[in-house]
Amino acid sequence: MQLDQSSTTNRHQLYADFITHYRTVLNKLFRESQNHRNVSVKRGIPPMMMRDIMQCHPLNVFISEEHGGFGGEVRECLSMLEASSYESLPLSLMMGINGALFIQPVTRYAHTNVAATVMERFTNEHAMGGLMITEPGYGSDALHMQTCFQNENNGYRIKGTKHWGGLTGWADYWLLTARRQKADGTLARDIDFFIHDSRNPGVEVEEYFDNLGLYMLPYGRNKINAHVPGSFRLQPPSTGIKMMLDMLHRSRLQFPGMAMGFLRRIMDDSLEHVKTRNVGGKSLLHYDQVKERIVRIQSWFTSCSAMCNYTSEHAAITKDLSLEDVPANSIKSVVTDMMQDASQSFLQLVGANGYRMDHMAGRGIIDSRPFQIFEGSNDILYQQITESVLKKMRKAGLTSLYDYLKSYELTSKASEYIKKYADVTIDQSLSQRKQVILGKMLGYTVSMNMVIQLGERGFNSHLIHNTLEILTTDIGNLLEAVHHTGETIPAESIDQDGDWFGFVKA
Ligand SMILES: Cc1cc2nc3c(=O)[nH]c(=O)nc-3n(C[C@H](O)[C@H](O)[C@H](O)COP(=O)(O)OP(=O)(O)OC[C@H]3O[C@@H](n4cnc5c(N)ncnc54)[C@H](O)[C@@H]3O)c2cc1C
């Protein structure tokens, strides 16, 4: 017992030393070093900078002790992601891709010997890994991917085309996804995952993309014609699709780690700006509309803190998360909307200087935007939250939204705050656009519940109070919008009577 306790203390001390050192190194690299000025507006990352970052061994937070890492404790993973995104969102995404889209899936599902060999290269050689799911014809509709595999020489031959895999041309390992090609040439429904070692041929970059933001990360289109040994196929406990859901939910639940430092930085820098910028003889912070924007930024910071708290306690690497669609989809879509909203407000408050290419405000808008698209487009995730909740309401025989929210553990505390809006009957046959709005309302309610829980533990009461007020108003507005949104149909052609010029009275 004594031995266990002291080894846990040692482990925590090792982690504490690491994170302090990591923060100092990043601060120096991103702010003080003359060599790395404007690194955010140049593509790639200077090799010396990369060397200094990787020498801190940040990816060890995702790796089990058995494989030479710090142990993979979720709150430590989130805290490393936070430290990274406080200085650079693309850097944090780079760490997030490695951790959530490669190391954690390999830890959970790879053959033990294979996981040990691969992880050894991460801890000793700073190896990197990414995940390829998306294809040019199949993004949101990934289950219909056309990349396929067949058995060949004690292993598998995988063929297809993948694009937008983060770390294109850079990763030492890839998780490749494919469907089995059956004897009749058609593809099986299930999805399988294979580890590809980039020292072997078979993943060739056909084109590098000029991505709009996230300059540090390379993206592109890859032709796949790879052979992987039999033991390099991941071992799903049941279906591959269930394994994929577990991976994606785990990754979505960890988005708040990447968002946390980003929002904290925006909160710090925007507050500093509005205190020091004088307009009309007084600092910006004196203006009521400016206060409103700052309160919203601080509320997104608080909501994200609550999500980090939730994820730390509910997403241990030992836990199957394949059924956790509501918390995972709520957290991912709400926190990424908050990232975009906070950066829009930051740029508004900074004014013209924020529009300089090298200013964090403008870069934040561009760099955070794809978070609303990848790993599940937010529009689709919001709809899925509604579908899931409506199904649970049907099963429970409930029609009142308030009754359901009160009975559901992820919303029960929040339900009291929004009772006056939520005491309505929900129609099971809502249009898709209404399902999306309702899903957003539900996602905000789930987030609000987490904020209440964080408040109960003693988090800053001023921030909690403001956040609950903002969320209550937003949730009320969203519910109103569900009722008032019409069923308008887009015009497919505007050729007829569509030019204002002809309608001006001479
Ligand atoms: C910066 C960046 C990083 C990425 N990283 C990776 C990665 O590491 N690995 C990887 O495999 N992929 C990655 N992707 C790809 C990403 O996951 C896909 O872009 C995403 O799944 C959407 O697919 P798509 O681009 O083909 O868009 P589409 O599937 O064409 O969808 C476009 C839009 O259409 C709408 N839409 C689609 N379906 C529906 C529907 N059923 N109902 C209503 N509206 C709908 C949504 O608004 C959606 O955003 C990345 C993308 C970006 C931009």
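Is the crossing of α9 and α10 left-handed or right-handed? I opened the notebook with this point, working on a predicted model. The crossing of these two helices, α9 and α10, is left-handed.

**Entry 1: helix α9 and its partners**

I looked up the geometry behind that crossing. Helix α10 covers residues 360-368, and its axis lies 8 Å from that of α9, at an angle of about 160 degrees. Angles over 145 degrees count as roughly antiparallel, and α9 and α10 are therefore roughly antiparallel to each other.

I then turned to the pair formed by α9 and α7. Helix α7 spans residues 255-276 and helix α9 spans residues 325-350; their axes are 10 Å apart and the packing angle is about 20 degrees. That angle makes α7 roughly parallel to α9. I noted the hand as well: α7 passes α9 in a left-handed crossing.

**Entry 2: helix α7 against α3**

I asked next how α7 meets helix α3. Helix α3 is made of residues 74-87, and its axis comes within 7 Å of the axis of α7, with a crossing of roughly 40 degrees. The two helices, α3 and α7, are therefore oblique to each other. For this pair I recorded a right-handed crossing, whereas α7 and α9 cross in the left-handed sense.

**Entry 3: the strands**

I followed the strand pairing from β2 onward. Strand β2 (residues 148-152) runs antiparallel to β3, and five bridges join them. Within this pair I found N151 of β2 bridged to Y156 of β3. The hairpin of β2 and β3 has two residues between the strands, and N153 there takes a positive phi near 45 degrees.

Strand β3, residues 155-163, also pairs with β7, residues 220-229; the two are antiparallel and share nine bridges. As one example of a partner in β7, I noted K223, which is bridged to T161.

I checked the other pairing of β7 that concerned me. Strand β6 (residues 203-208) is joined to β7 by five bridges in the antiparallel sense. In this pairing E207 stands opposite R221 of β7.

**Entry 4: the ligand shell**

I listed the surroundings of the ligand. There are 20 residues around the ligand, and the closest are I133, T134, G139, S140 and S377. By class, I recorded 10 nonpolar, seven polar and three charged residues in the shell.

Which elements each supply at least two residues of the shell? They are β1 (129-132) and α11 (378-396). Of the two, I marked β1, since its three residues are the largest share of the shell.

**Entry 5: domains**

I closed with the division of the chain. Domain 1 comprises 9-127, domain 2 comprises 131-238, and domain 3 is assembled from 382-422 and 430-485. I also looked up the separation of domain 1 and domain 3: their centres, taken over C-alpha atoms, are 35 Å apart.

Terms used
Residues numbered from 1 in each chain as written. Predicted model: local features only at pLDDT ≥ 70, side-chain atom pairs only at ≥ 80, totals over all residues. Domains from an automatic or database assignment. Near = placed C-beta within 6 Å. Helix = DSSP H or I, 4+ residues; strand = E, 2+ residues; numbered from the N terminus. Nonpolar A, V, L, I, M, F, W, Y, C, P; charged D, E, K, R; others polar. Pairing = 2+ DSSP bridges. Axes fitted to C-alpha atoms, helices over the stretch in contact; angles between N-to-C directions. Parallel < 35°, antiparallel > 145°, perpendicular 65-115°, else oblique. Left-handed = near helix turned anticlockwise from the far one by under 90°.
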